[in-house]
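Subject: Handover of a structure and summary of findings

Dear colleague,

Please find below the structure that I am handing over to you. A summary of what was found in it comes after the sequence and coordinates.

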Amino acid sequence: MPERYRIRNANWQDLDKLAKIEAACFPAAEAATKETLAQRLQIYSKHFWILELNDGTIIGFIDGFVTNQAAITDEMFEQPHLHDESAAYQAVFGLNVLPDYRGNHYGIALMNRLIADARATGRKGCILTCKENMISYYEKFGYQNQGVSQSEHGGAVWYDMLLEF
């Protein structure tokens, strides 16, 4: 059975759609701005994957930079220049799937792609933060809950998650 979608790296033509998806997936205090997404694309576009349906509709994306820190800090969200291509951990800043398309394993496909790319490039693992209700979701990929995060991004309580290879 042929795939209904493809996963590819983001490019500049995708920016407006990515900003709309980000705004639909996160509360305003937590969502990256269009300007922040543009900076991320400029600095680490090869760590920015889009899920696009066969008809060309972009319905989700996952992004994050590479760091030697085993946990995400607040400064990482707003300072993409902290990216270090030779570092150990692939960070996940957002796993975004439009609400109308959730429940179809698109988020799983995006996360699996990020993990596969991190493994293929010799990373030690992946890191992310999530809210308490999402811990079990990420544990299904092998992430381990490291406890309450130091991050206060968007005024929320976050948990550090670590996947080691």
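The following paragraphs describe the two sheets, the helices that pack on them, the largest pocket and one loop residue. Please note that this is a predicted model.

The four-stranded sheet

One open sheet contains four strands, which follow the order 1-2-3-6 and pair in the antiparallel sense. Strand 1 (5-9) and strand 6 (94-97) each have a single partner strand and stand at the edges, so one side of each is left without a neighbour in the sheet. On average, neighbouring strands of this sheet are turned by 15° against each other, direction ignored.

Strand 2 and strand 3 run antiparallel and are joined by five bridges. Within this part of the sheet, L51 stands opposite G60 in strand 3. The hairpin of strand 2 and strand 3 has four residues between the strands, and G56 in that hairpin takes a positive phi near 95°.

On the other pairing, strand 3 (residues 58-63) is joined to strand 6 by four bridges, again with the two strands running antiparallel. The bridge partner of G60 in strand 6 is V97, while that of F61 in strand 6 is N96. G60 therefore appears in both pairings, because L51 stands opposite G60 in strand 3 and V97 is its bridge partner in strand 6. As for exposure, strand 3 is mostly covered, with six of its six residues buried.

Two helices pack against these strands. Helix 2 (residues 34-44) lies across strand 2 and strand 3 and runs at about 110° to strand 2. Strand 3 and strand 6, which are joined by four bridges, are also touched by helix 1 (residues 15-25), which packs on the sheet and has contact with strand 2 (48-53) as well. The direction of helix 1 makes about 80° with that of strand 3.

The five-stranded sheet

A further open sheet is formed by five strands in the order 4-5-7-9-8, with mixed pairing. Its edges are strand 4 (66-67) and strand 8 (144-148), each with a single partner strand, so one side of each is left without a neighbour in the sheet. Strand 7 and strand 9 (residues 159-164) pair over six bridges in the antiparallel sense, and C130 stands opposite Y159 in strand 9. Helix 4 lies across strand 5 (89-92), strand 7 and strand 9, and runs at about 160° to strand 5.

The largest pocket

The largest pocket holds about 720 Å³ of space. Its lining consists of 34 residues, and those nearest its centre are F26, L95, N96, M134 and Y138. The elements that give two or more residues to this lining are helix 1, helix 3 (74-78), strand 6, helix 4 (106-120), strand 7 (125-130) and helix 5 (135-139). Strand 6 gives the most, with four residues. By class, the lining has 19 nonpolar, nine polar and six charged residues. N96 thus has two entries in this summary: it is the bridge partner of F61, and it is among the residues nearest the centre of the largest pocket.

A loop residue

H105 is placed in the loop between strand 6 and helix 4. Although H105 is not a glycine, it has a positive phi of about 70°. With a relative accessible area of 57%, H105 is exposed.

Yours sincerely

Notes
Residues are numbered from 1 along each chain as its sequence is written. This is a predicted model: local features need pLDDT of at least 70, side-chain atom pairs count only at pLDDT 80 or more; totals for chains, interfaces and linings use all residues. Side-chain values use heavy atoms; hydrogens and water are left out. Two strands pair if DSSP finds at least two bridges between them. Axes are lines fitted to C-alpha atoms, for helices over the stretch in contact, and angles run from 0 to 180 degrees between N-to-C directions. Contact means heavy atoms within 4.5 Å. On a 1 Å grid over the protein atoms alone, a cavity is a set of points where a 1.4 Å probe fits but cannot get out, and a pocket is an open set with protein on both sides within 12 Å along at least five of seven lines; lining residues have an atom within 4 Å of a point. Grid points are joined across faces, edges and corners, and a volume is the space filled by probe spheres set on the points. Ala, Val, Leu, Ile, Met, Phe, Trp, Tyr, Cys and Pro count as nonpolar, Asp, Glu, Lys and Arg as charged, and the others, Gly among them, as polar. Buried means under 20% relative accessible area, exposed over 50%, partly exposed in between (1.4 Å probe, protein chains only).
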